[in-house]
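User: Could you take one part of this model and go through it closely, including what sits around it? I'd like a connected story I can follow with the viewer open.

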Amino acid sequence: MQHKRLKNMSNQHVKWLFLIVLALIWGSSFILIKRGLIGLTPLQLGAARITFSSVFLLIIGFGSLRDIRHYQWMYIALTSLFGTFIPAFLFAIAQTQISSSVSSILNSLTPLNTLLIGVVAFGLTFKRAQIIGVLIGLAGTLLLIINGMLSHPNQNYSYTLLVLIASLCYATNVNLIKKHLSDVRPLSITTGNFLVMLVPAASILFATSIHDHLGEIKIQNALFFVMILGVVGTGLANILFYKLIQISSPVFATSVTYLIPVVATIWGLYDGEFLSAVQGIGALIILTGVYLSSKK
């Protein structure tokens, strides 16, 4: 009993540490996408991101694939599709028309979608405090969205639908992992995901004829940012995220998307964007929602 209590206390500390680290990594991903799009098309960026991640993970985690049972490969394939493959391209396309900060804010709808999909499709149960936390976080997100629309009236907000679809994909992925892959090591899940995606992503990248332009400085700089995005922002981050899902709840794990806009906004300041008082208030509301949604 004492051992179990100590383990639970340890998980409480670890899950918050993982949440903060993931917020820092993924909050920085949007500025990396922005930099990558300077030299690459959205299709090239998405394919290169997955290819870099795949090569890195197969180097460090190939041996972990033996832990995946035969029947679990179906879920590995599904989580690779919903958790990385589709969103990687959707975010790249969306950010050709909307800012990185708006994109990161819209991604904060993931916990709400996780809650809804978990209840409707997976039969998962959630405490009332989690629902309240999600709604509070959503209110903060809406405040930031409205402020973003007023600050950037010339952006094509029809492209926000792509981010919303990506959010639904992430929510589906989290519930699949929690229900069907909780007993699989995070490194095994992540490596399996990118093994499935490597050939399709590399084929798409090759089909764009990017190899004909590798000598261009603009392309080289863009690929450098995408390499960081793929290795750290996708490969390492997914390992941490899948572990977080296993030691916490789906809603808490996806509440990292409430913190991501805070980090993305800081990068925006560094990149010359303006931080308004409304954005500060929205961030505080979001943090309140994260705290409430962390209830086990």
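Analyst: **Around helix α2**

α2 gives the most to the nonpolar patch, with three residues. Helices here are DSSP runs (H or I, at least four residues; strands are E, at least two), numbered from the N terminus. Before going further: this is a predicted model, so local features need pLDDT of at least 70 and side-chain atom pairs count only at pLDDT 80 or more, while totals for chains, interfaces and linings use all residues. Residues are numbered from 1 along each chain as its sequence is written, and side-chain values use heavy atoms, with hydrogens and water left out.

Back to the patch. Val55, Ile59, Ile60, Val232 and Leu236 together make a nonpolar surface of about 420 Å². Two elements supply two or more residues each, namely α2 (42-61) and α9 (217-247). To join a patch, a residue needs over 30% relative accessible area and no salt bridge; nonpolar side chains (Val, Leu, Ile, Met, Phe, Trp, Tyr) are linked within 5 Å, like charges within 9 Å. The areas are Shrake-Rupley values with a 1.4 Å probe, and for residues only the protein chains shown count as cover.

If you want to click on one member of the patch, try Leu236, which sits in helix α9. Leu236 comes out as partly exposed, because its relative accessibility is 37%. (Buried is under 20%, exposed is over 50%, and partly exposed is in between.)

Now look at what α2 packs against. Its axis and that of helix α8 (residues 186-207) come within 7 Å and cross at roughly 135°, which means α2 is oblique to α8. Axes are lines fitted to C-alpha atoms, for helices over the stretch in contact, with angles from 0 to 180 degrees between N-to-C directions. Under 35 degrees is roughly parallel, over 145 roughly antiparallel, 65 to 115 roughly perpendicular, and the rest oblique.

Next, follow the chain on from α2 into the loop that leads to α3 (73-94). This is where the salt bridges come in, and the count is two (a side-chain nitrogen of Lys or Arg within 4 Å of a carboxyl oxygen of Asp or Glu). One of them joins the side chains of Arg185 and Asp67, with 2.8 Å from N to O. Arg185 belongs to the loop between α7 (160-180) and α8, Asp67 to the loop between α2 and α3, and the two are 118 residues apart, so this pair links distant parts of the chain. Neither side chain is buried: Arg185 is partly exposed at 46% relative accessible area, and Asp67 is partly exposed at 34%.

The other pairing is Asp183 with Arg69, whose closest N and O atoms are 3.0 Å apart. Asp183 lies in the loop between α7 and α8 and Arg69 in the loop between α2 and α3, so this bridge ties together parts that are 114 residues apart in sequence. Arg69 is partly exposed too, with a relative accessible area of 42%. The backbone tells a similar story: Arg69 and Val184 are 115 residues apart in sequence, yet their C-alpha atoms are 9.0 Å apart.

The helices that follow and precede those two loops also pack. α3 and α7 have axes 9 Å apart and an angle of about 160°, which makes α3 roughly antiparallel to α7.

Now go to the other end of α8. The loop between α8 and α9 holds Ser209, whose phi is near 60°, a positive value in a residue other than glycine. Most residues other than glycine have a negative phi. As for cover, Ser209 is partly exposed, with a relative accessible area of 29%.

Two spots are worth a click further along the chain. Asp271 sits in the loop between α11 (256-270) and α12 (277-293) and is partly exposed at 26%. Its C-alpha is 8.7 Å from that of Ile31, although the two residues are 240 apart in sequence. Thr288, in helix α12, is partly exposed with a relative accessible area of 40%. The C-alpha atoms of Thr288 and Asn238 are separated by 25 Å, and these residues are 50 apart along the chain.

Terms used
Buried means under 20% relative accessible area, exposed over 50%, partly exposed in between (1.4 Å probe, protein chains only).
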